[in-house]
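Take a look at the structure below. The text then walks through its inner spaces, its cores and one charged side chain.

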Amino acid sequence: MDSADVVSPKLFEIEQQTIAPIPASERHGRPRELAAIWFGMNMTPLTVVTGALATTLFGLSLWWALVAIVVGNVVGGIGMALHAAQGPTMGVPQMIQARGQFGVRGSALIVVVAMVMFVGFFASNLVVAGDALVAVDDGTDPTLVTWVATFASLVTALCGYRLVRFVTGISAYIVGVPLVLCLLVLVARHPDTITWGAGGFSTAGFFSMTAVGAVWQLAYAPYVSDYSRYMPADSGGKGAFWGTYLGCVSSTALLFTTGAILGLSAGGDNVMVAFVDLFGGFGKVVLVAFAVAAITGNSVNAYCSMLCALTLAENTRPGWIPGVRARMVTTVALHVVGAAIAIGASADFLANYYNFVSVLLYVLIPWSAINLVDYYLVHHGSYEVDDFYRADGGRYGRWNLPALGVYVVAILAQLPFMVTTMYTGPFAEGLGYTDIAWVVGLVVAGGLYYPFARRAAGAATASAVRSGAAR
């Protein structure tokens, strides 16, 4: 991040932009700043808890857990970062850009899914931040932590993009440095506590953890462009890709690995308590840092859910560009909803959270495949952005029924392969409960969408040529 951002009064100024394209005069930023944002974005207790699934819920040994973590995040990160590369080109939020594939009205379904995801992550971060502070001091009131954390996130999100970007980048240092020191001390002084041989290998567990890593990355896909959209258009998508990819994948792998180690020590789902048991007083310092990072970094989820809500509102009033007042009212409302969900969360949080992540995976994969195929293989990044805001959708229409049909078919195609605690598909049982539904969704969505989109794009080009010739 620029040092000027730290001292500039603009850091605390109220952002004026909402869902409209970012003007060239307001474009700024470099790839390394995106790396800081996305490295810091993962510096939360929730990332550690998710990594612990490898050795608790799935029963993998630490070696196999590491392999699954790396493979899942490396593969999923590619799709996520390809979405980030779209931001500098068009300068609009990711969910606005979805109108290029599904139509102005048809994209609303995807926007609703994304908004539910952001609010879910917001509430999840609040729950785990409270658990972290309770592990430090069992006299801590989790409800009080939730409201304090919500207020801190609210202040940051109300200021807008600059402050959200700054506090998220700072999280990379607040948590990253002491966490790395913890791991080094553990390896140097207490190597026997890392029980590499505990657990084992199962095909179902390995592929399920790989899927968790992939969906962790792809869950960011609906909003990575919300941050790269401010980058100068002439910097191209390459910098946005690598900055986002390296920052997000490296931090996730680091904290997932920490969670896998703690999962073996915990022997259950109380990973935050295991952190104190394993690292002692220094572990408490890291847990406090985690809680602070979760409180500040959670503003990212609030900020992006606000953009989704305003996108839905604009859908009912095409061409209306929400202003600062609309942004603030929406931000406050979403914070209240997220806090209420966190306070009402059940005690069996870890299992419920895994189900939440699994459902996200099955819903997001087809959207991601359709979006990437359309952007990179059909339109090659060339869109009429003004048409995204027209009442009739311009060349993209109100409803792109074939694209929506492909999306639904791809989701249905995953059903026989799903593996969750609530439902397991018949084909998954035959595969030893190995979760490959996300691969099926990716292949079906991309494979069905490409030929239809190519024909539609060719017909639109031919129509435009005939119209021009007539004029």
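What follows moves from the cavities to the nonpolar cores and ends at a single glutamate.

This is a predicted model. Start with the empty spaces inside. A search of the whole structure finds four cavities of 30 Å³ or more. The largest holds about 90 Å³ of space. Its lining includes M41, N42, T44, F121, W216 and N301. Two elements, α3 (45–52) and α8 (108–136), each give two or more residues to that lining. Sorted by class, the lining has seven nonpolar residues and five polar ones, with no charged residues.

Now turn to the nonpolar packing. The largest nonpolar core has 129 residues. Which of them touch the most other members? They are W38, M209, Y220, Y223, Y227, F290 and W367. The element that gives the most to this core is α8, with 13 residues. Two of these names have come up in the cavity too: Y220 and Y223 are among its lining residues. Another core, of 10 residues, lies apart from the largest one. Its members include A123, I295, A339 and A342.

M209 deserves a closer look. Beyond its neighbours within four places in sequence, M209 is in contact with T50, G51, L53, A54, F58, L60, A68, I69 and F256.

Finish at E15. E15 sits in the loop between α1 (3–7) and α2 (31–41). Is E15 buried or exposed? E15 counts as buried, because its relative accessibility is 8%, and buried means under 20%. The E15 side chain makes a polar contact with the side chain of Y230, at 2.4 Å. Leaving aside neighbours within four places in sequence, E15 is in contact with residues including C159, Y161, R229, Y303 and R327.

Notes
Residues are numbered from 1 along each chain as its sequence is written. This is a predicted model: local features need pLDDT of at least 70, side-chain atom pairs count only at pLDDT 80 or more; totals for chains, interfaces and linings use all residues. Side-chain values use heavy atoms; hydrogens and water are left out. On a 1 Å grid over the protein atoms alone, a cavity is a set of points where a 1.4 Å probe fits but cannot get out, and a pocket is an open set with protein on both sides within 12 Å along at least five of seven lines; lining residues have an atom within 4 Å of a point. Grid points are joined across faces, edges and corners, and a volume is the space filled by probe spheres set on the points. Helices (H or I, at least four residues) and strands (E, at least two) are DSSP runs, numbered from the N terminus. Ala, Val, Leu, Ile, Met, Phe, Trp, Tyr, Cys and Pro count as nonpolar, Asp, Glu, Lys and Arg as charged, and the others, Gly among them, as polar. A nonpolar core is a set of buried Ala, Val, Leu, Ile, Met, Phe, Trp, Tyr and Cys residues joined through side-chain atoms within 4.5 Å. Buried means under 20% relative accessible area, exposed over 50%, partly exposed in between (1.4 Å probe, protein chains only). Contact means heavy atoms within 4.5 Å. A polar contact is a pair of N or O atoms within 3.5 Å; within protein, one must be able to donate a hydrogen and the other to accept it, and residues adjacent in sequence count only if both atoms are side-chain atoms.
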